[in-house]
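Dear colleague,

I am writing to hand over a structure for your study. Please find it below, followed by an account of what was found in it.

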Amino acid sequence: MAVASAVGRRDLLKAGMFAGLGLAAAPALAACGSGSGSSGGPGLKWAGWDGPPQSDVFRRFSEKMTQKLGVEVTYQQVVGDYLAKLLSQLSAGAAPDAFYVGDIYMAKLIETKQLLDLTDYLDSGHAAVKLDDFHKGLYQWCRPADGSPGLYGLPVDCSPLVFWFNKDLLAEAGVSTDPAAQFAAGTWTQDALTNMLDKIRTTKKKGLLLGGSNWFDWFGWMSTFGGTLFDESGKAVFDTDPKSQDALAWLFEQLKSGNITYSGTLPQGQSGDVLFYAGQLACITYSRVILPNVKKLKFGFDIAPLPSLSGKDVMPVPINTAALSVNAKSKNQAKALEFLGNFLDAEGQRFRLSGAGNAVPSIKGLDDIVTEGHVPAHGSLFNDVAAKGYAVPSAIAGNAKVANELPVLVDKMLKAGNETPKSFSGKVVKLINGGS
């Protein structure tokens, strides 16, 4: 799986390193995996951050591309600080011809002209993929933050936020109709979730976790209940949007009652996924990345979309993703673009994602990949959520200050527990829209 939002957020804390682009890089890092396109070599090198077993898939894919493209294609797995190494290589003119870009440092790489605009390639008529192949909400963050034309990366796969639940704990709490069945019946509403959490609380088990303070962890509770988060200009408006305010009011009520627990208040060493695996947490909002672990568990489990006001709609919620981009200074751009197209087209995504069990295709028409083995039973919903969801908003992706300070601000307020929906959202919106 290529999604590594956590890597992107951690790396962005070092955002000051971007100032070094264009300067000489430290030789030890600059020499690490220098790109053949930049160095003038005959082959093509590309880089990513996934470890085994995905790195083995990447190497096999590279072998396949060597045969298809007629040049030696080499995968450079970056272990450790991906962003630091990539920036050093870019500064030294030694970066790979193509490489993964995390969600919240795309904007700066565009601004510093490190990435190739893919527009001409996609419009050329001989590209292996078309923009229309991709779910629309997944690639907007790959455009310039100032709204100017251009597209500088495409999503390699995605990881949509869904509602996981422990069927055994729900039955123990007296929940006769689980969320998947309620969604199928058109009754999976906010009230249905509240009633379910009320019942779970009587068992002394935790009902649901608010996973963290990053935008990905809580934006979805506003948008799934019909809230408008940003206007057409990209300005955050959920501090004045009535449905967003109603959703936050509900969320704060559930936190106060104990129906929902903020993960930042858990004892040190505890995390939501571990509590879920241990059978101590009935429900968790998470992506498909946990499926390989959940498959090993003894209890019954399934997924549903987050609830909606109608009870029957799949609403827009956050999706983690990463992009593949082409080095603007590669001397092998034609082959790098050809590689990108083959990496992202239906055949490439099927090769990379089939059997992996933890990612969702970023293009349409590959629904069967996430229903392999029919686990979970309603796994097809991953595709439905991916088609409706949204990646990191441009107002966050394009502003290092916001990306750094937003989770800190939210964590502080959620731990204090004394904010109203209006005061909470007002402080967040002020930060996002350029205040302090």
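I begin with a group of aromatic residues. Trp46, Trp49, Phe58, Phe61, Tyr75, Tyr82, Tyr100, Phe339, Phe343 and Phe351 together make up one aromatic cluster. Please bear in mind throughout that the model is predicted.

The protein as a whole may be described as follows. Its secondary structure consists of 20 helices and 10 strands. The protein has 436 residues, and 56% of them count as buried. If one takes the contacts between residues at least 6 apart in sequence, 76% join residues at least 24 apart. The accessible surface amounts to about 17,300 Å², and carbon and sulfur atoms account for 53% of this surface.

I turn next to the aromatic pairs, of which the count comes to 31. One of them is formed by Phe219 and Phe230: the ring centres are 6.2 Å apart and the planes stand at 40 degrees, which is a tilted arrangement. Phe219 belongs to helix 11, whereas Phe230 is in the loop between helix 11 and helix 12, and the two residues are 11 apart. Phe219 counts as buried because its relative accessibility is 0%, and the cut-off for buried is under 20%.

A second pair joins Phe252 and Phe424. Their ring centres lie 5.3 Å apart with the planes at 85 degrees, so this pair is edge-to-face; the angle required for that class is over 60 degrees. Since Phe252 lies in helix 12 and Phe424 in helix 20, the pair ties together parts that are 172 residues apart in sequence. Are these two rings buried or exposed? Phe252 is buried, with a relative accessible area of 16%, and Phe424 is buried as well, at 2% relative accessibility.

Helix 11, which holds Phe219, deserves a closer look. The helix covers residues 215-223, and 9 of its 9 residues are buried. Among them are Trp215, Trp218 and Trp221, together with Asp217 and Gly220.

Finally, there is the largest pocket. How much space lies in it? The volume is about 730 Å³. The pocket is lined by 25 residues, and those nearest its centre are Gln140, Phe230, Gly234, Pro393 and Ser394. Phe230 is thus found both in this lining and in the tilted pair with Phe219. By class, the lining comprises 10 nonpolar, 11 polar and 4 charged residues.

Yours sincerely

Key. Residues are numbered from 1 along each chain as its sequence is written. This is a predicted model: local features need pLDDT of at least 70, side-chain atom pairs count only at pLDDT 80 or more; totals for chains, interfaces and linings use all residues. Side-chain values use heavy atoms; hydrogens and water are left out. Helices (H or I, at least four residues) and strands (E, at least two) are DSSP runs, numbered from the N terminus. Buried means under 20% relative accessible area, exposed over 50%, partly exposed in between (1.4 Å probe, protein chains only). Contact means heavy atoms within 4.5 Å. Accessible areas come from the Shrake-Rupley method with a 1.4 Å probe; for residues, only the protein chains shown count as cover. On a 1 Å grid over the protein atoms alone, a cavity is a set of points where a 1.4 Å probe fits but cannot get out, and a pocket is an open set with protein on both sides within 12 Å along at least five of seven lines; lining residues have an atom within 4 Å of a point. Grid points are joined across faces, edges and corners, and a volume is the space filled by probe spheres set on the points. Ala, Val, Leu, Ile, Met, Phe, Trp, Tyr, Cys and Pro count as nonpolar, Asp, Glu, Lys and Arg as charged, and the others, Gly among them, as polar. Rings of Phe, Tyr and Trp (its six-membered ring) pair if their centres lie within 6.5 Å; planes under 30 degrees apart count as stacked, over 60 as edge-to-face and the rest as tilted.
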